[in-house]
Amino acid sequence: MSLKSTETNTPNITVQKTPSHTKAYYPNVAKKFKGKKRKLEMCVICIQHCTSSSSMKAEKCEHAVCDSCLRAYFDSALNESRYTVTSFEKIECPSPDCKATFLSERVIRNIYTAKQRNDWWTSVAMKTNIENKVICPFQLCKAIFDADVILTKKCTFAECYECRRGFCTACQSPWHPGVMKIVDDQEELKKILDKAKESKWTRCPKCGHLVERMTGCTFMLCVCATEFCYRCGGYSVGHACSNKCHILTEKNVQTLRSQMFVPTNDDLTNKIRKTN
């Protein structure tokens, strides 16, 4: 028996493979997104580029601040003495001479977590409700604490609980050894002036600083750049006393000196310095 091949009427089918990396092209979609690049802003604090989605601007202001800098800026605002309980609701733009303000509620909501938001407003409440506020004078600290009113009447040394540096609670300036300031305290002022008179110190006729001469000539140069005579307390020019106290009797000199130790209204707000 012989076998014959049979042909079928099945048509030839050609399969063409499409490369997997081939992507369809949609001209309408491409046209829609063409030119929509993210706009870059310049942060006015760190001077780095940032996008509009990662930065904010104050109301009616063109100065962008990146989120990272804005968090640090709002944290530092808590230590700014210029802000009060109501003014904390708006924080000034960090750009110099710009009067625009951020709405605190809006900024806090966008850049802080829920806990951070609560902590920030809690700090505002604590710092603005302090009755007798004392502020650390150091620029990078500015910590705020409540001090006994007595400590603000007379120069008193205090250590900041934040930066651990010493400052004066009355002057609210870095600690100044040998300098005393009396604020609205007649009794304390009189005690200091009586002690100065008894110790034979001399006051600068211009600013009222107290000076104790240890050695040297009798002509002093005060911290306020005023030259004066230590013997009588009068002004001097070129080592020449304006009162010519070198020809006066001791009694007349003591009369001139006694005038230095009579308290005045200006003494209640001026510093009294003792310089060795």
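Which residues do ring pairs link into a cluster? Hello everyone, let's start there. This is a predicted model, and in it Tyr73, Phe74, Phe88, Phe102, Trp120 and Trp121 are joined into a cluster by ring pairs.

Let me first say how we talk about such pairs. Two aromatic rings are described by how far apart their centres are and by the angle of their planes. In this structure there are six aromatic pairs. One of them is phenylalanine 74 with tryptophan 120: the centres are 5.8 Å apart and the planes make an angle of 40°, a tilted arrangement. Phenylalanine 74 belongs to helix α2, residues 67–77, while tryptophan 120 belongs to helix α4, residues 114–128, so this pair ties together parts that are 46 residues apart in sequence.

Are these two rings buried or exposed? Phenylalanine 74 has a relative accessibility of 0%, so it counts as buried. Tryptophan 120 is buried too, at 2%.

Now please look at a second pair, phenylalanine 157 with tryptophan 175. Here the arrangement is edge-to-face, with 5.5 Å from centre to centre and 85° between the planes. Phenylalanine 157 sits in strand β9, residues 157–159, and tryptophan 175 sits in the loop between β11 and β12; the two are 18 residues apart, and the pair links distant parts of the chain. As for accessibility, phenylalanine 157 is partly exposed at 47%, and tryptophan 175 is partly exposed at 31%.

Let's go back to helix α2 for a moment. Which of its residues are buried? They are Cys69, Leu70, Tyr73, Phe74 and Ala77. Looking down the axis of α2, you would find these buried residues within an arc of 130°, so they line one face of the helix. A general point helps here: an α-helix has 3.6 residues a turn, so residues three or four places apart point the same way. Tyr73 and Phe74, by the way, are also members of the ring cluster I opened with.

Next, the sheet that contains β9. It is an open sheet of three strands in the order β9-β10-β11, with antiparallel pairing. Which strands are at the edges? Those are β9 and β11, each pairing on one side only. Strand β10, residues 166–168, is joined to β11 by two bridges, and cysteine 168 has serine 173 in β11 as its bridge partner.

One last contact before I stop: arginine 165 lies over the face of phenylalanine 138, at 4.1 Å from the ring centre. Thanks for listening!

Methods: Residues are numbered from 1 along each chain as its sequence is written. This is a predicted model: local features need pLDDT of at least 70, side-chain atom pairs count only at pLDDT 80 or more; totals for chains, interfaces and linings use all residues. Side-chain values use heavy atoms; hydrogens and water are left out. Rings of Phe, Tyr and Trp (its six-membered ring) pair if their centres lie within 6.5 Å; planes under 30 degrees apart count as stacked, over 60 as edge-to-face and the rest as tilted. Helices (H or I, at least four residues) and strands (E, at least two) are DSSP runs, numbered from the N terminus. Buried means under 20% relative accessible area, exposed over 50%, partly exposed in between (1.4 Å probe, protein chains only). A charge sits over a ring if NZ of Lys or CZ of Arg is within 6 Å of the ring centre and within 35 degrees of the ring normal. Two strands pair if DSSP finds at least two bridges between them. The arc is that of the directions from the helix axis to the C-beta atoms.
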